[in-house]
Amino acid sequence: MSIGCLMNTKPFQKDGRTIRFTKEALEGSCEDLNRNAHIPLGVDHDPSMMPVGRTDRAWITKIEEEWHLFAEFTINTEAEKQFHQSSGTYIADLNVGGSSKGICSASSLKNKEGIRIDADRTDFDEDNSWEEFSSVVKSRNCGLNVKEYGRNSLESVAGYLLISLGIWMLVRFEKFSRHIVDETMRKVGDELSDKWSKSILEILSSFEKSSSKRMNTYHALVTISGEIDLVFVLDRKKQDSSLKLDSFNFSQIASVVSCYSDIIENAQEITLIQSSDGAWKFHHMKMKDGNIVGDWNNYEKSVKRWQELQAKHGKE
């Protein structure tokens, strides 16, 4: 068990902007963590790295006039390596389960409805660039919400865009993943995935045009909220044309998910990542009991990066 500070009220600089979390923000996070869900311990806000642990108990303490949110961490840099028969790959079991709270979802939709875009305001050079992005995105879809958030990382990280889609997108996909696909449903699914891909392409295009000129790469997370949330990780370069209209092919995605049908019943959230050839690959799962399992190669990369950061910044 380790102890670390998640956030505090001390101002910090990020890309020329001063950011400060309020005491109320710390209190809200503390309450959510203790009452509702664990926070996955990721690697410096990089979604291409899988979590290597989770938070447990949290509390707030005042130190030298500033409030700090502390938490106990359960970390496993020596996960159990298991061969997964259905997929023919090795998975990493962190063995940090045993909780009734589960883990925080990547989706920012509290009510599982609608569409919401979350972006870091410091990914934009000027306030009017942020306003331009917000107004353009909102104009393309009635009821679409754009929200801002702040990140404080140990090292400079790529830009970040979170696109959260409501439960309505999951209805057809769940049928695909359960292998009850007839031709009619496949055609409906293809139409939905084409419409979905087009919307995402438009949002990414708006983000790339409005975001900071200094930012060459960014991560886009697309989440579908449902009984089991689905998360898609895109590592993007500005003006990268590799994302095509068929990038979110439901049938191909479902075939990947179905390989893990033996453990999916206990999953709370499934994350896939797009490989260099455009295909989707299993990344990791957050389980209902607070545990985390993931692809072994992704886990090894994440642990190596975690250990490098700990050594460089002198963290225990």
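Colleague: In the largest nonpolar core, which residues touch the most other members?

Modeller: Keep in mind that this is a predicted model. The largest nonpolar core has 44 residues, and helix H4 (residues 183-210) gives the largest share of this core, five residues. The members that touch the most others are Phe232 and Phe248.

Colleague: Leaving aside neighbours within four places in sequence, what is phenylalanine 232 in contact with?

Modeller: With those neighbours set aside, the list for phenylalanine 232 includes Phe248, and Phe248 is the residue named with Phe232 for touching the most other core members. The full set of partners is Trp196, Ala220, Leu221, Val222, Ile224, Phe248, Ile253, Leu272 and Trp280.

Colleague: How many residues are in the other core?

Modeller: That core lies apart from the one around Phe232. Among its members are Ala92, Val96, Ile103 and Ile292. Its count is 17 residues.

Colleague: Now the sheets. Which strands stand at the edges of the sheet of 10 strands, and why is one side of each left without a neighbour?

Modeller: The sheet is open, with mixed pairing, and its order is S6-S7-S15-S14-S13-S12-S11-S10-S8-S9. Each edge strand has a single partner strand, so one side of each has no neighbour in the sheet. Those edge strands are S6 and S9 (145-149).

Colleague: In S11, what is the bridge partner of isoleucine 163?

Modeller: Strand S10 (residues 159-165) and strand S11 (residues 217-224) run parallel, joined by seven bridges. Within S11, isoleucine 163 has as its bridge partner valine 222.

Colleague: At about what angle does helix H7 run to S15?

Modeller: Helix H7 (residues 296-313) packs on the sheet. Its contacts there are S6, strand S7 (89-93), S14 and strand S15 (292-295). Its direction makes with that of S15 an angle of about 105°.

Colleague: And which strands does helix H1 lie across?

Modeller: For this one, look at the open sheet of three strands, ordered S1-S5-S4 with antiparallel pairing. Helix H1 (residues 23-35) runs at about 145° to S4. The strands that H1 lies across are S1, S4 and S5.

Colleague: In S5, what is the bridge partner of asparagine 8?

Modeller: S1 pairs with strand S5 (residues 66-75) in the antiparallel sense, over six bridges. In S5, asparagine 8 is matched with histidine 68.

Colleague: Is histidine 84 buried or exposed?

Modeller: Histidine 84 lies in strand S6 (residues 80-84). Its relative accessibility is 5%, and the cut-off for that class is under 20%. So histidine 84 counts as buried.

Colleague: Which side chain does histidine 84 join in a polar contact of 2.9 Å?

Modeller: Leaving aside neighbours within four places in sequence, histidine 84 is in contact with Thr89, Ile91, Cys259, Tyr260 and Asp262. The polar contact of 2.9 Å runs from the side chain of histidine 84 to that of aspartate 262.

Colleague: Last one: which backbone oxygen does the side chain of lysine 101 reach at 2.9 Å?

Modeller: Lysine 101 is in the loop between S7 and strand S8 (115-120), and with a relative accessible area of 25% it is partly exposed. Its contacts, leaving aside neighbours within four places in sequence, are Leu33, Asn34, Arg35, Asn36, Ala37 and His38. The lysine 101 side chain reaches the backbone oxygen of asparagine 34 at 3.2 Å. At 2.9 Å, the backbone oxygen is that of leucine 33.

Conventions: Residues numbered from 1 in each chain as written. Predicted model: local features only at pLDDT ≥ 70, side-chain atom pairs only at ≥ 80, totals over all residues. Heavy atoms only, no water. Helix = DSSP H or I, 4+ residues; strand = E, 2+ residues; numbered from the N terminus. Buried < 20%, exposed > 50% of the residue type's maximum accessible area, 1.4 Å probe, protein only. Polar contact = N/O pair within 3.5 Å; in protein donor to acceptor, adjacent residues only side chain to side chain. Contact = heavy atoms within 4.5 Å. Core = buried A, V, L, I, M, F, W, Y, C linked by side-chain atoms within 4.5 Å. Pairing = 2+ DSSP bridges. Axes fitted to C-alpha atoms, helices over the stretch in contact; angles between N-to-C directions.
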